[in-house]
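User: I am new to this structure and would like to learn how to read its features. Could you guide me through them in turn?

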Amino acid sequence: GGSGGYLVWGALFADPTTYSPWLGNSQMDLSIGCVLFIVGALCFFLFCCKSHGINQVCGIIAAACECLLEEPSLLLEPFIALMIKACTLYVMAFGFAQLATTGT
């Protein structure tokens, strides 16, 4: 948006003795500047239209964080699950080692 506005301003209103076109000539600066300005304006309007959804998601994330902090056991659950899986893997590996050494 800002760079497009600068290119349009430079192509239309700048003093030719102080402004040198970025892309070689003023016509090219004007066309590229208009495209960049339109893309920037579309992004701005898109973000403005979606701001309600973004605010809603931020509220949901804040509520989830409050819920996690009120229940400390929820913070321990991943560690407990990892320990259970590690113990199960150890028992199964031990059983596999016993099975592999029987030989046939």
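User: Which residues form a nonpolar patch on the surface?

Analyst: Patches consist of residues with over 30% relative accessible area and no salt bridge (a side-chain nitrogen of Lys or Arg within 4 Å of a carboxyl oxygen of Asp or Glu); like charges are joined within 9 Å, and nonpolar side chains (Val, Leu, Ile, Met, Phe, Trp, Tyr) within 5 Å. Here Leu76, Phe79, Ile80, Leu82, Met83 and Ile84 form such a patch, with about 600 Å² of accessible area together. Areas follow the Shrake-Rupley method with a 1.4 Å probe, and for residues only the protein chains shown count as cover.

The model is predicted: local features need pLDDT of at least 70, side-chain atom pairs count only at pLDDT 80 or more, and totals for chains, interfaces and linings use all residues. Residues are numbered from 1 along each chain as its sequence is written, and side-chain values use heavy atoms, leaving out hydrogens and water.

User: Where is Ile80 placed?

Analyst: Helices (H or I, at least four residues) and strands (E, at least two) are DSSP runs, numbered from the N terminus. Ile80 lies in helix α4, residues 72-100. A kink of about 30° in α4 is centred on Pro78, the bend being the angle between axes fitted to the seven residues ending at a residue and the seven starting there. The protein chain has 4 helices and 0 strands.

User: Is Ile80 buried or exposed?

Analyst: Buried means under 20% relative accessible area, exposed over 50%, and partly exposed in between (1.4 Å probe, protein chains only). Ile80 is partly exposed, because its relative accessibility is 45%. Buried residues make up 9% of the 104 residues in the protein chain.
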